[in-house]
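Subject: Structure handover

Hi,

Here is the structure I promised to pass on to you. Please open it alongside this message, and you will find my notes just below.

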Amino acid sequence: MTENALNFISAPFPRRQSVGVDVGGIMVGGGAPIVVQSMTNTDTADIDKTVAQVSALARSGSELVRITVDKDEAAAAVPKIKERLQRIGVEVPLIGDFHYIGHKLLADHPACAEALDKYRINPGNVGFKKKKDQQYSQIIETAIRYNKPVRIGVNWGSLDQELLTHLMDENQQKGSPLTAEQVVREAICQSGLHSAARAEELGLGRDKIILSAKVSQVQDLISVYVDLAARCDYALHLGLTEAGMGTKGIVASSASMGILLQQGIGDTIRISLTPEPGGDRTREVQVSQELLQTMGFRSFVPIVAACPGCGRTTSTVFQELAQDIQEHIRTSMPQWREKYPGVEALNVAVMGCIVNGPGESKHADIGISLPGTGETPAAPVFIDGQKTTTLRGEGIADEFKGMVLEYIEQRYG
């Protein structure tokens, strides 16, 4: 491996300089930390279910939450949802997702326009033919009236067909035409940039504009955002659309967005996971946080390091203990954030044998090295790099959990 390759891996690129956008008190871009957001999948007209899901997403760590506003009943419900959330102490900014009739819903429901903290519109379906600019202008003018930022979100599944056709025809006249894929990528960039320029012409400030360019293939996403980042200084929202379910969606999103984040591109992210039937919607928030934390951009929850296990670790004690501690930490974080400032930087190690266990435990703030197969049934505990005690017997797991909580209280309480 060359020295240049090593440097690329070991040091992130400087963050791209973008214009900061205030979204309901959360700063996006402008050098602010990368923001995690998510989206509900409830019928927004169902106030109870939407409030419950927004609350769950916010409590899991989503800093912005997008809701669908697709009909009069949904628009009428928005101010009630906002009021209910404030009443239960959930102050997360709400983003309204508008398609096709956004201009009409915002005009007919001024309380909705006022209650939302940001509007999200897609230039590919905001209007068609002669009505396109008129309806787009109406939304931008509403945003200006209520002092709201706008995310201009291009999606290749609903790309402006007039623009795409024009670029395809123009490409055919070239001596060395681009591939169809390259033309589509260019159309995505142009759609976002032209729409942002039009918004500015109408009077919307650059500090009120966020761009996104959603595609569903990893290499396309990387290419489009690298190009977009080089051509503007608007804040950028990253997300791989239709990423998929389970590990496929997690891997595809992390691979593409990880490369972009490493290059300093991206001011806010969403991991768009297809939930399993009845699955937990907050999973996408957890994955977003873990991506940013493992790459070293932000800290959200204490890290629990655990070895993968091997032939020396036929006992499942270390696996059960690592899982138990990790789940306890995640469920406790909403309270711990208030009670123990800085606890998200905590590093816990749960190791399974004597080979690497003691050394790994020393590198953590608090760590335990459990006995492996055939080893002496003793578990040394290390705190701040120093061995402090050795646990023995059936109660090792409970004793160590107690020590972790005691350490948190002493260090962060």
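Helix α10 passes α11 in a right-handed crossing. The axes of α10 (residues 246-262) and α11 come within 11 Å and cross at roughly 35°. On the α10 side, the residues taking part are Ile250, Ser254, Met257, Gly258 and Leu261, and they meet Arg283, Val287, Leu291 and Leu292 of α11. Sorted by class, this contact has six nonpolar, two polar and one charged residues. Please keep in mind while you look at it that this is a predicted model.

A few overall numbers for your notes. The chain has 413 residues, and buried ones make up 50% of them. It holds 14 helices and 15 strands. Along the principal axes, the C-alpha atoms fill a box of roughly 80 × 60 × 35 Å. If we take the contacts between residues at least 6 apart in sequence, 67% of them join residues at least 24 apart.

Next, helix α2 and what follows it

α11 turns up again here, as one of the elements that cover the buried residues of α2. Others among them are the strands β3 (35-39), β4 (64-68) and β5 (94-98), along with helix α3 (72-87). Helix α2 itself runs over residues 47-59, so to speak 13 residues in the count. From its first C-alpha to its last it reaches 18 Å, close to the 18 Å expected at 1.5 Å a residue. Which residues of α2 are buried? They are Ile47, Thr50, Val51, Gln53, Val54, Ser55, Leu57 and Ala58.

Ser60 is worth a click as well: it sits in the loop between α2 and β4. A polar atom of the Ser60 side chain lies 2.7 Å from the backbone oxygen of Leu57. Once neighbours within four places in sequence are left aside, Ser60 is in contact with Thr282, Val285, Gln289 and Arg337. Gly61, just after α2, takes a positive phi of about 120°.

The loop between β6 and α6

Two buried residues in this loop caught my eye, Asn125 and Val126. Buried is the label for anything under 20% relative accessible area. Asn125 counts as buried because its relative accessibility is 5%. Val126 has a relative accessible area of 5%, so this residue is buried too.

What does the side chain of Asn125 make a polar contact with? The partner is the side chain of His99, at 3.1 Å. Beyond its neighbours within four places in sequence, Asn125 is in contact with His99, Tyr100 and Ser158. For Val126, with the neighbours within four places again left out, the contacts are Tyr100, Lys132, Gln135, Tyr136 and Ile139. Val126 and Tyr136 are ten residues apart along the chain, and their C-alpha atoms are separated by 6.0 Å.

Lys129 is found in the loop between β6 and α6 as well. Is Lys129 buried or exposed? Its relative accessibility is 68%, so Lys129 counts as exposed; the cut-off for that label is over 50%. Lys129 also has a positive phi of about 50° although it is not a glycine. As background, most residues other than glycine have a negative phi.

Helix α6

This loop leads us to α6 (131-146). Its 16 residues should span 22 Å at 1.5 Å a residue, and the end C-alpha atoms are 23 Å apart, which agrees. The buried residues of α6 are Gln135, Tyr136, Ser137, Ile139, Ile140, Thr142 and Ala143. Gln135, Tyr136 and Ile139 will be familiar from the contacts of Val126. What covers the buried residues of α6 includes the helices α4 (102-108), α5 (110-115) and α8 (180-201), together with the strands β6 and β7 (150-155). Just after α6, Asn147 takes a positive phi of about 60°.

One last item

Which residue in the loop between β14 (379-383) and β15 (386-391) should you look at? I would pick Asp384. Asp384 has a positive phi of about 50° although it is not a glycine.

Happy to go through any of this with you whenever it suits.

Best wishes

How values were computed
Residues numbered from 1 in each chain as written. Predicted model: local features only at pLDDT ≥ 70, side-chain atom pairs only at ≥ 80, totals over all residues. Heavy atoms only, no water. Helix = DSSP H or I, 4+ residues; strand = E, 2+ residues; numbered from the N terminus. Expected span 1.5 Å × (residues − 1). Buried < 20%, exposed > 50% of the residue type's maximum accessible area, 1.4 Å probe, protein only. Contact = heavy atoms within 4.5 Å. Polar contact = N/O pair within 3.5 Å; in protein donor to acceptor, adjacent residues only side chain to side chain. Axes fitted to C-alpha atoms, helices over the stretch in contact; angles between N-to-C directions. Left-handed = near helix turned anticlockwise from the far one by under 90°. Nonpolar A, V, L, I, M, F, W, Y, C, P; charged D, E, K, R; others polar.
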